[in-house]
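Here are some exercises to work through with the sequence and the 3D view side by side. Try each task on your own before you read its solution.

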Amino acid sequence: MGRPGHDFPGLGVGLVILRDDRILLYKRMNPPEAGYWNIVGGKVDHMEPAEEAARREAEEETGLKIGRIERIGVTEQIIDADRQHWMSILYLARDVEGEPQLTEPDKLSDFGWFALTDLPMPLSAFTRAAIAVLPAAER
């Protein structure tokens with residue numbers, strides 16, 4: 001059958017989590033873009049609504065309770081270096097409870113809240129695309 005993102009374009013989701021004018025980013029350990037800072041997200045499972053996938057992935061990766069989210073855009077990432085191709089629906093969450101944790105240490109090595117004017121490097125293409133479609137008031 002093949003693997004999404006590798007053998008055919010995969011469908012993913014990403015969630016920009018904002019609190020007090022800061023964005024929550026995690027540092028990836030695995031391709032695509034291993035070693036890059038990234039918003040939370042992942043693939044959409046078969047028969048899973050994309051909005052539910054965004055919430056599930058974010059809660060699994062952060063330990064936060066995600067409230068209301070809104071769709072802010074779509075991005076396509078073709079990452080030649082990792083031979084991956086993803087179409088991702090992007091969401092924004094301001095309504096979150098709890099403190100983030102490193103719940104998947106086999107996938108993510110670090111995390112933090114960052115001002116949008118002082119982002120860590122390197123920043124993933126996926127994250128740059130998500131920031132670009134944030135509502136103007138958030139940027």
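How many salt bridges does a search of the whole structure find? The search finds nine salt bridges. Keep in mind that this is a predicted model.

**Exercise 1. Find three of the salt bridges, and say where each partner sits.**

Step 1. Begin with the general idea: side chains of opposite charge can pair when their charged atoms come close.

Step 2. Look at R3 and D7, which form a salt bridge with their closest N and O atoms 4.0 Å apart. R3 has a relative accessible area of 48%, so it counts as partly exposed.

Step 3. Move on to D45 and R56, whose closest N and O atoms are 3.5 Å apart. This pair links distant parts of the chain: D45 lies in the loop between β4 and α1, while R56 lies in helix α1, eleven residues apart. D45 is partly exposed, with a relative accessible area of 31%, and R56 is partly exposed too, at 21%.

Step 4. Now take R94 and E138, where the closest N and O atoms are 2.5 Å apart. R94 is in the loop between β7 and β8, and E138 is in the segment after α2, with their places 44 residues apart in the chain. Both are partly exposed: R94 at 40% and E138 at 21%.

Step 5. Return to D45 and R56 and widen the view. Together with K43, E48, E57 and E60, they are linked in a network of salt bridges.

**Exercise 2. Describe the largest pocket and its lining.**

Step 1. Start with its volume, which is about 710 Å³.

Step 2. Turn to the lining, which is made up of 32 residues. Those nearest the centre of the pocket are R28, P32, G41, G42 and K43.

Step 3. Sort the lining by class: 13 residues are nonpolar, ten are polar and nine are charged.

Step 4. Ask which elements take part. Among those that supply at least two lining residues each are β1, β2, α1 and α2. The most comes from β4, with four residues.

**Exercise 3. Which residues of the largest nonpolar core touch the most other members?**

Step 1. The core has 19 residues, and those touching the most other members are V13, L15, I17, I66, I69, Y91 and A93.

Step 2. Trace the core back to its elements: β1, β2, α1 and β7 each give it at least two residues. Helix α1 gives the most, with four.

Step 3. Zoom in on V13. Setting aside residues up to four places away in sequence, V13 touches several others, including V40, A50, I89, Y91 and F126.

Step 4. Look for another core as well. There is a second, separate one of 17 residues, which includes I23, I72, L92 and L123.

**Exercise 4. Is M87 buried, partly exposed or exposed?**

Step 1. Locate M87 in strand β7.

Step 2. Compare its accessibility with the cut-offs: buried means under 20%, and exposed means over 50%. M87 has 32% relative accessibility, so it counts as partly exposed.

Step 3. List its contacts, leaving out neighbours within four places in sequence: G10, L11, G12, V74, T75 and E76.

Step 4. Finish with a distance. M87 and E70 are 17 residues apart along the chain, and their C-alpha atoms are separated by 18 Å.

Technical notes:
Residues are numbered from 1 along each chain as its sequence is written. This is a predicted model: local features need pLDDT of at least 70, side-chain atom pairs count only at pLDDT 80 or more; totals for chains, interfaces and linings use all residues. Side-chain values use heavy atoms; hydrogens and water are left out. On a 1 Å grid over the protein atoms alone, a cavity is a set of points where a 1.4 Å probe fits but cannot get out, and a pocket is an open set with protein on both sides within 12 Å along at least five of seven lines; lining residues have an atom within 4 Å of a point. Grid points are joined across faces, edges and corners, and a volume is the space filled by probe spheres set on the points. Ala, Val, Leu, Ile, Met, Phe, Trp, Tyr, Cys and Pro count as nonpolar, Asp, Glu, Lys and Arg as charged, and the others, Gly among them, as polar. Buried means under 20% relative accessible area, exposed over 50%, partly exposed in between (1.4 Å probe, protein chains only). Contact means heavy atoms within 4.5 Å. A nonpolar core is a set of buried Ala, Val, Leu, Ile, Met, Phe, Trp, Tyr and Cys residues joined through side-chain atoms within 4.5 Å. A salt bridge is a side-chain nitrogen of Lys or Arg within 4 Å of a carboxyl oxygen of Asp or Glu.
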